[in-house]
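Me: Please take a close look at one part of this model, starting from a single loop residue and following the chain into the helix and strands beyond that loop. I would like a connected account, with the reasoning spelled out where there is any.

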Amino acid sequence: MIAIDPLTNTERDNYKLLVGTIIPRPIAFVTTVSEEGVLNGAPFSYFNIVSSNPPMISLSIQHSAGKLKDTARNILDTKEFVVHIVDRQNVEQVNMTAAPLAPDQSEISLAGLTPVDSSVIAVPGVREAKVRMECRLEQAVKFPGFELIIGKVVQFHIDEAIYDQCRIDPVQLAAVSRLAGNNYAAIGEIFTIERPI
C-alpha cells in the first residue's frame, strides 16, 4: 500500500483522494432565500444523515475564493433551507445550478426548475424533486474555509410513487450520487445481507 501524509499534499491532492475514495456520495440539492428575496439553489455532495431522533442532516459548504457561498450565507441569515434528493430525472437541471452566478441571480430560474411553496418554512422547494425536506438550522460550526451546517428536518415531502408505509423504493427514487471529476453513479445492483442477531 502507498502511505500518504496529508500534510505533504496540496489541498487539491487531498480533495482528489477524498472524493475518489469516499464514494458514492449522496447529493443534496439545497434551496435557500437571500435577505433580498432571491431564491438560490445549489448541489452539495458533502451531505449526510446526522440523526433520526430528531431527524437531522448535515451539509459541509466550502468557501469559494475565500468567501461564504450564497447557500451558507442565506442559511446563516434566515435559519431555513430545503434539501432535495437528486435523481435521474432532475440531475441535468441540478447540474446547471452549479454555475457561478451573482447573488442577485436565481439558479432555479436558470435551470428551469419550478418553485413550490413549503409547508412549515418560508423557503420554497422545487417541484421536480421526488423528495424534499424542509429544514431549520440547528447548528452551524465555522471552520477555516468551510461551514458545517446541521439542519433539523421539520417537514418531509415524498412522491407517492416511491412511498409505502414510511419505506422508500430505491429503484423508483432513482437517486444519483457523486463520484470523482464529472462522474455520477445511479442505483445499480441491490443485494441483501442479514445483520447478525
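Reply:
**From a loop into the covered strands**

Alanine 65 counts as exposed, because its relative accessibility of 79% lies over the 50% cut-off. The model is a predicted one, and the values below should be read with that in mind. Alanine 65 sits in the loop between β5 and α2, and it takes a positive phi of about 55° although it is not a glycine.

Beyond this loop comes helix α2, residues 70-78, where the picture turns to burial: Asp70, Thr71, Ala72, Asn74, Ile75 and Leu76 are buried. In an α-helix there are 3.6 residues a turn, so residues three or four places apart point the same way. The cover over the buried residues of α2 includes several strands, namely β2 (28-33), β3 (39-44), β5 (55-62), β6 (80-85), β9 (131-143) and β10 (146-158). Just after the helix, lysine 79 has a positive phi of about 70°.

Which way do the side chains of β6 point, and are they buried or exposed? Glu80, Val82 and His84 point one way, Phe81, Val83 and Ile85 point the other way, and all of them are buried. Put as a count, six of the six residues of β6 are buried, and the strand is mostly covered.

Strands of a sheet pair through backbone hydrogen bonds, either parallel or antiparallel. β6 pairs with β2 in the antiparallel sense through four bridges, and within that pairing valine 30 stands opposite valine 83. β6 also runs antiparallel to β9, here over five bridges, with valine 82 standing opposite glutamate 134.

β2 leads on to β3, since these two strands are antiparallel partners over six bridges, and threonine 32 is found opposite asparagine 40 of β3. Together β2 and β3 form a hairpin with five residues between them, and in its turn glycine 37 has a positive phi of about 90°. β3 is mostly covered too, with five of its six residues buried.

A residue in another sheet offers a point of reference for valine 82. Tyrosine 184 is 102 residues from valine 82 in sequence, and the two C-alpha atoms are 22 Å apart in space. Tyrosine 184 lies in strand β14, which belongs to an open sheet of three strands in the order β1-β13-β14, with antiparallel pairing. β1 (25-26) and β14 (184-186) stand at the edges of that sheet with a single partner strand each, so one side of each is left without a neighbour in the sheet. Strand β13 (residues 176-178) runs antiparallel to β14 and is joined to it by three bridges, and tyrosine 184 is the bridge partner of arginine 178. Tyrosine 184 counts as partly exposed, because its relative accessibility is 35%. Apart from neighbours within four places in sequence, it is in contact with Ile27, Val91, Asn95, Ser177, Arg178 and Leu179.

Other loops hold backbone features that may be set beside alanine 65. Glutamine 165, in the loop between β11 (163-164) and β12 (167-168), likewise has a positive phi, of about 50°, although it is not a glycine. At 70% relative accessibility, glutamine 165 counts as exposed. There are also cis peptide bonds: one joins isoleucine 23 and proline 24, with omega about -10°, and proline 24 lies in the loop between α1 (11-21) and β1. Another runs from asparagine 53 to proline 54, with omega near 0°, and proline 54 is placed in the loop between β4 (47-52) and β5.

As for the chain around these parts, it has five helices and 14 strands, and 39% of its 197 residues count as buried. Of the contacts between residues at least 6 apart in sequence, 60% join residues at least 24 apart. The radius of gyration is 17 Å, which agrees with the value near 16 Å for a compact globule, because that is what 197 residues would give. Along its principal axes, the C-alpha trace spans about 50 × 45 × 30 Å.

Conventions:
Residues numbered from 1 in each chain as written. Predicted model: local features only at pLDDT ≥ 70, side-chain atom pairs only at ≥ 80, totals over all residues. Heavy atoms only, no water. Buried < 20%, exposed > 50% of the residue type's maximum accessible area, 1.4 Å probe, protein only. Contact = heavy atoms within 4.5 Å. Rg over C-alpha atoms; globule rule 2.2 N^0.38 Å. Pairing = 2+ DSSP bridges.
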